[in-house]
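Welcome, and thank you for taking a look at this protein with me. Please open the sequence and the model side by side, and we will walk through them together.

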Amino acid sequence: MNSLAQFIPRFQLIRPEEAEITGQRDRHAAVLLPITDKPRPGILLTLRAASLRSHPGQISLPGGAADPGDTTPVATALREAQEEIAIPPQSVQVLGQMAPVDSVTGFRVTPVVGIVPSSLALRGNPQEVADIFELPLDAALDVSRYRYIDMKRNTVERRLYFYLYEGRMIWGLTAGILYRLATQVKND
């Protein structure tokens with residue numbers, strides 16, 4: 001068993017008050033890495049609804065595009081997590097955020113790391129979420145479990161990460177964000 005207290009000091013994060021929605025891209029998004037506060041913490045993930053036009057049936061972190069009223073990536077991530085899986089923003093203890101990553105779909109995505117109570121009554125928005133599940137944090141931080149392929153899209157070379165967990169394929173941006181978190185914690 002691994003406690004949450006063991007991992008928190010090892011996260012290399014930007015404090016929320018130091019971050020704004022900025023960058024080279026006009027399209028900004030944020031995702032929440034909701035870590036459950038329990039003896040064996042986990043990261044909550046969603047299976048996107050098959051009816052969605054963007055990334056249907058893929059595993060993702062709760063999040064999405066910034067709205068005009070969102071002044072920070074934290075505001076975007078918390079709003080989206082509430083809309084998608086009913087996490088009340090006031091119940092999230094935001095630890096900070098990771099450096100933004102550019103997606104192949106043209107978004108600059110900022111991962112926000114936060115702790116959520118394990119007792120939350122999560123409900124997936126049926127228009128967006130088909131399932132909610134938890135990836136144990138110690139498993140997510142095990143760098144040896146990730147696989148990748150290098151590929152080229154529109155003359156840009158990219159590394160595409162994969163992670164198989166209990167028959168579920170986590171890949172793309174979500175796996176890349178989890179891999180970055182794992183390498184940051186490992187290298188600290």
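The paragraphs below go from the interior to one helix, then to the charged pairs and the surface. Keep in mind throughout that this is a predicted model.

Let us begin inside. The largest nonpolar core has 30 residues, and Leu33, Ile43, Leu45, Leu135 and Ile170 are the ones with the most contacts inside it. Several elements contribute: strands E1, E2, E7, E8 and E10 and helices H3 and H4 each supply at least two residues of this core. Helix H4, which covers residues 172-187, gives the largest share, six residues. A second, separate core has 13 residues, and Ala30, Leu44, Ile85 and Val112 are among them.

To get a feeling for the larger core, pick out Ile43 in your viewer. Setting aside its neighbours within four places in sequence, Ile43 is in contact with Leu33, Pro34, Ile35, Leu61, Phe133, Glu134, Leu135, Leu137, Ala140, Leu178 and Leu181. Two of the names in that list, Leu33 and Leu135, are also among the residues with the most contacts inside the core.

Now turn to helix H2, residues 73-85. How does the span of H2 compare with what 1.5 Å a residue would give? For its 13 residues the expected span is 18 Å, and the end C-alpha atoms are indeed 18 Å apart, so the two agree. Just after H2 comes Ala86, which has a positive phi, near 65°.

Is H2 largely enclosed or largely open? Ten of its 13 residues are buried, so the rest of the structure largely encloses this helix. The buried ones are Pro73, Val74, Thr76, Ala77, Leu78, Arg79, Glu80, Ala81, Glu84 and Ile85. Their cover includes strands E1 (28-37), E2 (42-48), E4, E5 (93-97), E7 and E8. A general point helps in reading such a helix: an α-helix has 3.6 residues a turn, so residues three or four places apart point the same way.

Leu78 is a good residue to stop at within H2. With a relative accessibility of 13%, Leu78 counts as buried. Beyond four places in sequence, Leu78 touches Leu32, Ile87, Pro89, Val92 and Val94. Leu78 and Pro34 are 44 residues apart in sequence, while their C-alpha atoms are 9.8 Å apart in space.

One of the strands that help cover H2 is E7, which runs over residues 108-117 and holds Thr110. Thr110 has a relative accessible area of 7% and is buried. Leaving out residues up to four places away in sequence, Thr110 touches Ala29, Ala30, Val31, Pro73, Gln97, Met98 and Pro100. Pro73 in that list is one of the buried residues of H2, and Ala30 belongs to the second core.

Next, look at the charged side chains, where nine salt bridges are counted. Asp67 pairs with Arg79, their closest N and O atoms being 3.3 Å apart. Asp67 sits in the loop between strand E4 and helix H2, and Arg79 in H2, so the pair ties together parts that are twelve residues apart in sequence. The two partners differ in how much they show: Asp67 is partly exposed at 36% relative accessibility, whereas Arg79 is buried at 16%. These two are also members of a network of salt bridges that links Asp67, Asp70, Arg79, Glu80 and Glu83.

Another salt bridge joins Arg168 and Asp131, with 2.8 Å between the closest N and O atoms. This pair links distant parts of the chain, as Arg168 lies in strand E11 (168-171) and Asp131 in strand E8 (129-136), 37 residues apart. Arg168 is partly exposed at 24% relative accessibility, and Asp131 is partly exposed at 28%. Arg159 and Asp150 also meet through their side chains, with an N to O distance of 2.8 Å. Arg159 is partly exposed at 42%, and Asp150 is partly exposed at 49%.

Our last stop is on the outside. Which residues form a nonpolar patch on the surface? They are Leu164, Met169 and Trp171, which together have about 280 Å² of accessible area. Met169 lies in strand E11 and is partly exposed, with a relative accessibility of 38%.

Methods:
Residues are numbered from 1 along each chain as its sequence is written. This is a predicted model: local features need pLDDT of at least 70, side-chain atom pairs count only at pLDDT 80 or more; totals for chains, interfaces and linings use all residues. Side-chain values use heavy atoms; hydrogens and water are left out. Helices (H or I, at least four residues) and strands (E, at least two) are DSSP runs, numbered from the N terminus. Buried means under 20% relative accessible area, exposed over 50%, partly exposed in between (1.4 Å probe, protein chains only). Contact means heavy atoms within 4.5 Å. A salt bridge is a side-chain nitrogen of Lys or Arg within 4 Å of a carboxyl oxygen of Asp or Glu. Patches are made of residues with over 30% relative accessible area and no salt bridge: like charges are joined within 9 Å, nonpolar side chains (Val, Leu, Ile, Met, Phe, Trp, Tyr) within 5 Å. Accessible areas come from the Shrake-Rupley method with a 1.4 Å probe; for residues, only the protein chains shown count as cover. The expected span of a helix is 1.5 Å times one less than its number of residues. A nonpolar core is a set of buried Ala, Val, Leu, Ile, Met, Phe, Trp, Tyr and Cys residues joined through side-chain atoms within 4.5 Å.
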